[in-house]
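Here is a short report for a reader new to this structure. Look at the sequence and the model, then read on.

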Protein chains: 2
Amino acid sequence: MSMPICIIVSPVQESADEAIEGRLHLVDSHDPQVPVTDLGVTRGDGIFEVIGVVHGRPLALDAHLRRLANSAAMLDLPALELEAIRAAVLKTIDLDEHREELSVKIVVTRGVEGTGVPICWVLSFQTDDHRAERAEGIKVVLLSRGYPHDIAARAPWLLTGAKTLSYAINKAALREAARRGADDVIFTSTDGYVLEGPSASLIMKFGQRIWTPSTAQGILRGTTQGAAFEVFGRLGFATAEVLVGVDQLAAADAMWLASSTRLLAPVRLLDEHDVPVDHDLTDTVNAALLDTAR
Amino acid sequence: MSMPICIIVSPVQESADEAIEGRLHLVDSHDPQVPVTDLGVTRGDGIFEVIGVVHGRPLALDAHLRRLANSAAMLDLPALELEAIRAAVLKTIDLDEHREELSVKIVVTRGVEGTGVPICWVLSFQTDDHRAERAEGIKVVLLSRGYPHDIAARAPWLLTGAKTLSYAINKAALREAARRGADDVIFTSTDGYVLEGPSASLIMKFGQRIWTPSTAQGILRGTTQGAAFEVFGRLGFATAEVLVGVDQLAAADAMWLASSTRLLAPVRLLDEHDVPVDHDLTDTVNAALLDTAR
């Protein structure tokens with residue numbers, strides 16, 4: 001197995017005439033790179049993105065960079081120089097011999113406490129093989145996210161809708177799912193709406209309509225969901241971002257969790273209830289998502 | 001300024017006959033020590049404690065270690081060898097020339113993804129001077145924590161009551177307080193109860209009664225609050241852990257935020273409302289807390 005590629009980037013522009021290339025530093029990904037005083041590790045105070053790479057090309061890179069910038073703004077981080085981060089992503093892919101299929105993670109932390117200087121790195125890693133989940137479907141449980149659906153507008157300091165490094169809850173929810181014999185989670189609001197997975201967006205099919213829960217509920221704008229909606233649109237479906245009640249799920253005639261590396265994984269069991277799986281449509285959309293990288 | 005002391009500890013016992021001392025490794029706190037693949041930094045997936053040190057002695061160390069073990073259990077981390085961590089804390093203090101007054105942080109992360117081996121370090125740092133806040137009081141705003149007060153029992157995967165590294169929300173709440181011209185925050189539940197600060201416990205005085213919000217609400221068991229309650233008890237007050245409605249705060253005749261390094265900071269302004277400050281009682285309790293370290 002080859003070594004993951006790690007490039008450290010200074011993510012905030014310091015002078016206009018400094019070449020981007022000179023600000024990317026290839027480091028040994030097995031050596032420690034983060035100080036014990038970095039707020040990323042002491043407070044989960046930072047943001048991230050994970051990007052699928054197929055045939056050497058990053059999927060939905062623009063959407064990931066836009067979301068990274070949005071997360072930075074929500075956390076009051078300095079404005080990021082996205083072109084430097086983009087260059088680091090492309091160089092990471094270029095240097096990784098598994099570039100035919102891999103994943104790339106971007107991490108930006110607030111940096112060492114007191115410095116006000118964020119740090120950023122881009123890291124490649126090998127993507128797990130998700131073909132079985134795409135083909136056979138996954139078992140999902142509904143778990144409360146604890147918030148009412150309209151919390152984002154009322155309490156922006158809760159950072160719902162930002163992709164922060166404070167993901168301990170997301171990992172705990174996945175452990176709870178495993179305890180219940182399931183593979184993944186759909187979070188629900190305390191007032192009965194469906195939200196998103198711990199690391200995936202929810203997509204539902206009702207006849208010719210394709211829905212995803214509204215991001216006004218303080219959930220992430222899904223990059224893979226966005227790319228999939230373009231495909232669904234081309235296939236003649238009417239796509240929309242809506243409020244969906246938990247009680248509406250029983251009427252869905254297909255349901256997927258969409259994420260950057262697993263793409264669309266059909267839900268085949270929701271709590272104790274079978275969910276119809278549309279294998280053909282799943283394959284068609286996933287093939288189209290992979291094809292956009294060509 | 002001298003260098004902070006950092007000791008890396010292997011926090012899970014591997015063999016019964018290995019001496020603790022051999023498992024403590026003094027490292028350079030300015031060198032990077034954390035891999036970019038450590039779940040502490042990639043997911044805020046870990047736990048921490050901050051311990052005040054006065055006259056070379058850690059305040060409420062047993063209570064901090066108990067809470068660390070409790071947080072570990074809530075996160076399904078392996079059982080920690082608390083005696084090794086205790087030894088690291090004491091050695092860190094011993095090696096730091098500012099041991100007369102400093103703070104010590106314990107961090108335990110889930111470790112590098114896929115290894116299942118948690119990592120732990122203990123780090124000393126100089127305590128900010130909090131004398132002005134103790135003497136003059138602080139300005140506090142009420143901010144919603146977004147959860148109903150009984151969320152902990154209903155949704156343990158939300159990890160309320162665990163002191164995790166996923167603290168981005170706590171930092172964002174403090175930035176919101178600063179935007180409102182305040183120093184600190186008291187979180188409230190969506191159904192109208194008061195909870196805790198982002199890094200402090202709330203203590204309220206109503207005549208001869210001293211109350212703190214019940215930990216059944218998924219808030220941290222305050223180590224400093226616990227020590228302060230012993231002092232209040234000796235002073236003749238009746239202490240209790242209770243559910244307190246936001247509307248009851250107006251009747252309090254004193255209020256404090258209690259934390260390991262700032263100790264009891266009296267609240268002098270809550271949103272737009274003046275709060276009575278009991279300077280004598282504040283000084284008495286803080287002096288007693290500092291004295292327990294002698």
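B:Glu176 and B:Arg179 lie three residues apart in helix H6 of chain B, so about one helical turn separates them. Helices here are DSSP runs of H or I with at least four residues, strands are E runs of at least two, and both are numbered from the N terminus. An α-helix has 3.6 residues a turn, so residues three or four places apart point the same way.

The two side chains form a salt bridge, with the closest N and O atoms 3.2 Å apart. A salt bridge needs a side-chain nitrogen of Lys or Arg within 4 Å of a carboxyl oxygen of Asp or Glu. B:Glu176 is buried at 13% relative accessible area, whereas B:Arg179 is exposed at 53%. Buried means under 20%, exposed over 50%, and partly exposed in between (1.4 Å probe, protein chains only).

This is a predicted model: local features need pLDDT of at least 70, side-chain atom pairs count only at pLDDT 80 or more, and totals for chains, interfaces and linings use all residues. Residues are numbered from 1 along each chain as its sequence is written, chains are lettered from A and ligands numbered from 1 in the order written, and side-chain values use heavy atoms, without hydrogens and water.

The pair belongs to a network of salt bridges that links A:Asp76, B:Arg175, B:Glu176, B:Arg179 and B:Arg180. Over all chains, the whole structure holds 32 salt bridges. Three of them are listed here.

| Acidic residue | Basic residue | N to O distance |
|---|---|---|
| B:Glu176 | B:Arg179 | 3.2 Å |
| A:Asp76 | B:Arg175 | 2.8 Å |
| B:Glu49 | B:Arg67 | 2.8 Å |

The bridge between A:Asp76 and B:Arg175 has a N to O distance of 2.8 Å. This pair crosses between chains, from the loop between H2 and H3 of chain A to helix H6 of chain B. A:Asp76 is partly exposed at 35%; B:Arg175 is buried at 18%.

B:Glu49 and B:Arg67 also form a salt bridge. They link distant parts of the chain, strand E3 and helix H2 of chain B, 18 residues apart. B:Glu49 is buried at 0% relative accessibility, and B:Arg67 is buried at 10%.

Which buried residue has no salt bridge? B:Arg134, in helix H4 of chain B, is buried without one. Its nearest side chain of opposite charge, B:Glu101, is 4.8 Å away (Lys and Arg count as positive, Asp and Glu as negative; His and chain ends are not counted). The side chain of B:Arg134 reaches the backbone oxygen of B:Arg262 at 2.9 Å.

Terms used. A polar contact is a pair of N or O atoms within 3.5 Å; within protein, one must be able to donate a hydrogen and the other to accept it, and residues adjacent in sequence count only if both atoms are side-chain atoms.
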